[in-house]
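Consider the structure below together with its sequence. The paragraphs that follow begin at the ligand and then turn to cysteines and to backbone geometry.

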Amino acid sequence: MSEENWIEVGSTDSIEEEDLIRFDHQDKTFCVYRLTDGFYATDGICTHEAVHLEDGLVMDDEIECPMHQGIFNIKSGEALSPPACEDLKTYPVKVDNDKIFIKID
Amino acid sequence: MKKNIIILGGGQAGIYAAREIRQNDSESNIKILGEENLLPYERPPLSKDFLLDKKNEDDLYFHSIEVIKNENIDFENVLINKVDFEHKKLFSKNEDVYTYDSLLISTGSDNKRLSLDNNLSDDVYYLRNLEEAKIIKEKVSDKNKITIIGGGFIGLEIASSLSQLQKKVTVIEIGNQLMGRIIPKQIADLVQNTHIEQGNEIILNKQIDKIIKKNGIYEILLNDNSIIETDFVIAGIGSTPSVKLFENTNLKLDNGIVTNQFCETSIKDVYAAGDVCNFYHPFYERNMRLESYQHAQNHGICAGKNIAGVKTEYTSIPWMWSDQFNLNLQLTGICDDYDEIIARGNDINNGVIYFFLKNKIIKGACGLGIAGKVGRDIRITSKLTEKNTIVDKQILSDQNQKLNKLIQKQ
Ligand SMILES: Cc1cc2nc3c(=O)[nH]c(=O)nc-3n(C[C@H](O)[C@H](O)[C@H](O)COP(=O)(O)OP(=O)(O)OC[C@H]3O[C@@H](n4cnc5c(N)ncnc54)[C@H](O)[C@@H]3O)c2cc1C
Ligand code: FES
């Protein structure tokens, strides 16, 4: 695991519990979530149509797309409810000194 | 007990019911009978991404044939044209007989047709299924001026798609606003502005008197004596539940098949789900008919559970969407019975929402925004509506405050 792939997203208090923030890096968009048991990251765009998931609702371990209510599991990326049927990519997250990092491949 | 379960109508409600039955019952035979020679597919893209060539036929199917076969669900392409509820039999045109122990009717809805007093009924096109979408796509390719009769969701979505294909589009609506049956005027006007900005002509408060064909061009005469010249006519003037088959039976009909909250019809062992139903909603304590993606899915699932013996009430709060140009419109709950309206936002780039309250309790909301800008708040509104919540109006009207707070307080 090379160190340089860990990208700093921001401080842990920038995300409220059961919520998410959008994080743009180079030409890609990610969503970083704070769930009751820690931080998680996925691609920031729905797999159904090109819509930002940042406007979606986080409920338990799920993110619901704001456009057509497709639902994904935040931890596994699995598409749980149509019209979304393609899984969402997930990324490793670590917290170091109250800062959140995600590992982008 | 192993049963013969037949699902009449291979659309969205039908396939979701079939899979739900299988989840709860591994033994029974499940057979879907569908008039269209296609596995169940999504209709929303037909008026949008399919016309725009952003999605093709293969992108529309809910499930592949492998998934359906693996779950041991049979699909047969057949048009049923007679039913005998007393002997639990269905008949096809070729007199094939299908016998059931339990039947689900999920025949969807049919487009209303314009009544034209000349022979032009074949010259007016309608959109309900993939076949019709393909025909429209092919026919408009060499046309320029397109007229759409009816300013409802489907008409406006087609108008948006054809405008994006550089067509000159005119929409004629009989009412004094677009989407008048269910969308509040404030939102309808914002949608109308976008159509106009994008070059579409919107004519309100006008009725068609006549359509005349002259040298391959159509002249549409309106009731104020004005004439619209056009190369192609599409009508989207609403739909009716597909119940023709049952008209001379003892199945109770009233604006669709009347069902209770368990998707049961007036006849024992006969269930119905989706667009075709006028179902009892226990939360609203009245019957309603809905034509939406979310309803077809959830109602199908609920019917599936009840058919498999898992008694389940249907309680989903209504929700639907429409996509036109880069706008996404969403509606939840019931927005026609209120004593107060609260607005959130005034710029569609960040989303504009109107909340409908009665006796201080939130009843529903309608919102419009670029892409999914209103989605989260509309979803939260569904949850608040479900719980009969008295809401903090100041939070509702202040776009700087997240509505998440309101559900976390529950
Ligand atoms: C163009 C279009 C765009 C839409 N866009 C949206 C949208 O953006 N958002 C939204 O929320 N909803 C939208 N909808 C609505 C949504 O697609 C429907 O509410 C949903 O498909 C209803 O599902 P259903 O299973 O009840 O009926 P359907 O999906 O219509 O399926 C019924 C099936 O039964 C078959 N059938 C009927 N009679 C017989 C018979 N006698 N024998 C055999 N088969 C029979 C029909 O051929 C059909 O295949 C749209 C609908 C259309 C047509
Ligand atoms: S864009 Fe996400 S479900 Fe459609």
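The shell around ligand 1 is made up of 14 nonpolar, 11 polar and eight charged residues. The model is a predicted one. In it, 33 residues surround ligand 1, and the closest of them are B:Ala13, B:Glu36, B:Arg43, B:Lys48 and B:Asp275.

Three of the contacts with oxygen atoms of the ligand can be taken in turn. B:Ala13 takes part through its backbone, with an N or O atom 2.8 Å from an oxygen atom of ligand 1. B:Glu36 uses its side chain instead, and one of its polar atoms lies 2.6 Å from a ligand oxygen. For B:Lys48, a polar side-chain atom is likewise placed 2.6 Å from an oxygen atom of ligand 1. On its own, ligand 1 has 1,000 Å² of accessible area, and the protein covers 94% of that.

Which elements give two or more residues to the shell around ligand 1? In chain B they are the helices α1 (12-24), α4 (153-164) and α6 (293-307), together with the strands β2 (29-34) and β22 (319-324). The shell can also be described by domain. Domain 1 of chain B (4-51 + 61-110 + 241-307) contributes residues to it, and domain 2 (113-235) does as well, so ligand 1 lies between the two domains.

The cysteines come next. A disulfide is a covalent bond between the sulfur atoms of two cysteines. With a cut-off of 2.5 Å between the sulfur atoms, the count over all chains is zero disulfides. B:Cys302 is in no disulfide, and the nearest cysteine sulfur, in B:Cys263, is 4.1 Å away. B:Cys302 has a relative accessible area of 5%, so this residue counts as buried. For B:Cys366, the closest cysteine sulfur is that of B:Cys335, and the distance of 6.0 Å is too far for a bond. B:Cys366 is buried too, with a relative accessible area of 0%.

Some backbone features remain. Most peptide bonds are trans, and most residues other than glycine have a negative phi. In chain A, the peptide bond from A:Pro82 to A:Pro83 is cis, with omega near 10°. A:Pro83 sits in the loop that runs between β8 (79-81) and β9 (90-91) of chain A.

In chain B, two residues that are not glycine have a positive phi: B:Asp53, at about 65°, and B:Asn255, at about 50°. Where are they placed, and are they buried or exposed? B:Asp53 belongs to the loop between β2 and α2 (65-70) of chain B. Its relative accessibility is 60%, so B:Asp53 counts as exposed. B:Asn255 is in the loop between β17 (239-241) and β18 (257-259) of chain B. At 47% relative accessibility, B:Asn255 counts as partly exposed, because that class takes in values between 20% and 50%.

A last loop position in chain B is that of B:Phe283, between β20 (277-281) and β21 (286-288). B:Phe283 is partly exposed, with a relative accessible area of 26%. From B:Phe283 to B:Ile80 the separation is 203 residues in sequence, and their C-alpha atoms are 34 Å apart in space.

Note on methods: Residues are numbered from 1 along each chain as its sequence is written. Chains are lettered from A and ligands numbered from 1 in the order in which they are written. This is a predicted model: local features need pLDDT of at least 70, side-chain atom pairs count only at pLDDT 80 or more; totals for chains, interfaces and linings use all residues. Side-chain values use heavy atoms; hydrogens and water are left out. A residue is near a molecule or strand if one of its heavy atoms lies within 4 Å of it. A polar contact is a pair of N or O atoms within 3.5 Å; within protein, one must be able to donate a hydrogen and the other to accept it, and residues adjacent in sequence count only if both atoms are side-chain atoms. Accessible areas come from the Shrake-Rupley method with a 1.4 Å probe; for residues, only the protein chains shown count as cover. Helices (H or I, at least four residues) and strands (E, at least two) are DSSP runs, numbered from the N terminus. Ala, Val, Leu, Ile, Met, Phe, Trp, Tyr, Cys and Pro count as nonpolar, Asp, Glu, Lys and Arg as charged, and the others, Gly among them, as polar. Domain bounds come from an automatic or database domain assignment. Buried means under 20% relative accessible area, exposed over 50%, partly exposed in between (1.4 Å probe, protein chains only).
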